[in-house]
Amino acid sequence: MAASRITRDVFGTLPDGRKVERIVLRGEGGFEARIITHGAVLQALIAPGANGSHDDVVLGHDAFAGYLAERKFLGATVGRYANRIAKGKFSLDGETVQLPVNNGPNALHGGLDGFDRKLWEIAEIDEGAAPAVTLTYVSPHGEENYPGRLDVRLTYRITGPAELSLTMEARTDRPTIVNLTNHSFFNLEGATSGTPILDHKLTVAAEHFLAIDPTAIPLPEPPRRVAGTPFDFREARAVGARIRESDLQLQSGRGYDHTYCLGRDGQLAFAARLEAPRSGRVMELFTDQPGLQVYSGNYLDGTISGKGGKLIRQSDAMCLEPHVWPDAPNRPDFPSPRLAPGEVYRHHTVYRFSVRSP
């Protein structure tokens with residue numbers, strides 16, 4: 001009998017007694033995605049490397065206690081609004097909405113108690129040729145002061161030999177804003193390798209990026225061209241090649257923590273490639289979102305330990321987060337995050353892995 005492509009077990013328990021489940025999706029050749037229902041977190045992603053090796057390539061924790069103790073967004077589903085909203089304030093249909101601020105003067109990643117801290121429900125499990133799990137969460141009207149009930153449906157699916165697809169949908173009963181993403185921290189040498197990602201080669205299919213102020217809010221200007229700046233990754237370049245240059249934008253982000261403008265029209269297309277020199281792992285990211293946040297792990301400061309008991313330090317991993325641009329509710333010149341009743345918010349991202357000779 002063939003081994004099951006999906007297994008399901010209890011990963012931990014919340015203080016109120018509710019169980020946090022883990023679902024393991026298996027592809028081919030040892031490729032594996034492990035998802036937990038708390039925060040709809042991608043807890044582990046096992047990818048093949050050179051010489052037959054297999055490693056977990058996302059930061060996180062071996063036990064649930066680590067996720068409960070510290071809110072670091074490791075592998076989490078982020079919402080209701082990923083990234084930042086200036087001063088936590090925006091206007092919607094003539095009404096001013098004030099969100100809790102939780103990142104200096106701004107609202108970040110859904111506020112004080114975002115989707116990454118919620119227990120999601122398992123709605124469906126598909127044990128077919130493309131194994132999948134679908135999780136749901138209902139955000140009530142007024143949660144974190146966001147208007148409208150939001151019904152969210154998220155599916156993780158193995159869609160190729162070493163390919164993980166993430167699709168998200170959301171519906172509302174009154175006008176609101178929505179911007180969801182996955183916040184995985186990638187290190188293609190392995191989550192416990194102890195190797196920084198500064199020598200990973202990065203390619204980003206974008207001609208422009210958003211310059212930011214010192215609180216990481218986009219400046220009141222059009223997107224800047226990447227040409228001639230340390231932000232030019234149109235051709236593969238080591239993440240650390242120019243990260244320490246004397247550049248005001250690198251100072252504002254303490255490294256890379258910027259949105260690249262992908263110019264999507266809702267169609268899935270190539271956005272970025274990350275390549276690890278030692279393991280030979282390559283990850284290509286495809287998305288239908290208009291922006292890609294490139295974050296080089298600048299605020300990882302060694303205050304928490306992750307998998308294998310290793311401290312998580314600066315540049316131990318990087319995030320590639322597809323989503324709508326930050327502060328878009330306050331910028332009519334940006335792609336709109338508005339969702340009205342009868343409309344469907346959609347997000348589709350694919351992570352495709354391969355191996356080249358290191």
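In this predicted model, Thr96 makes contact with Lys89, Phe90 and Ser91, once neighbours within four places in sequence are set aside. Thr96 sits in strand S9, which spans residues 95–98. Its relative accessibility is 58%, and since anything over 50% is classed as exposed, Thr96 counts as exposed.

The nonpolar interior offers a helpful counterpart to this view. The largest nonpolar core holds 61 residues, and Leu45 and Phe353 are the ones that touch the most other members. Strand S13 (residues 150–160) supplies the largest share of this core, with five residues. Apart from it lies another core, made up of 15 residues, including Leu99, Trp325, Ala328 and Phe334.

Returning to Leu45, its contacts beyond four places in sequence can be listed in full. Leu45 touches Phe31, Glu32 and Ala33, then the run Asp55, Asp56, Val57 and Val58, and also Leu164, Phe186 and Phe353.

Turning to the strands, an open sheet is formed by five of them, in the order S1-S2-S3-S4-S5, with antiparallel pairing. Strand S1 (6–13) and strand S5 (54–56) stand at the edges; each has a single partner strand, so one side of each is left without a neighbour in the sheet. From one strand to the next, the twist averages 20°. As a general reminder, the strands of a sheet pair through backbone hydrogen bonds, in either a parallel or an antiparallel manner. Here, S1 pairs with strand S2 (residues 19–26) in the antiparallel sense, over seven bridges. Within S2, Leu25 is the bridge partner of Ile6.

Methods. Residues numbered from 1 in each chain as written. Predicted model: local features only at pLDDT ≥ 70, side-chain atom pairs only at ≥ 80, totals over all residues. Heavy atoms only, no water. Core = buried A, V, L, I, M, F, W, Y, C linked by side-chain atoms within 4.5 Å. Buried < 20%, exposed > 50% of the residue type's maximum accessible area, 1.4 Å probe, protein only. Helix = DSSP H or I, 4+ residues; strand = E, 2+ residues; numbered from the N terminus. Contact = heavy atoms within 4.5 Å. Pairing = 2+ DSSP bridges. Axes fitted to C-alpha atoms, helices over the stretch in contact; angles between N-to-C directions.
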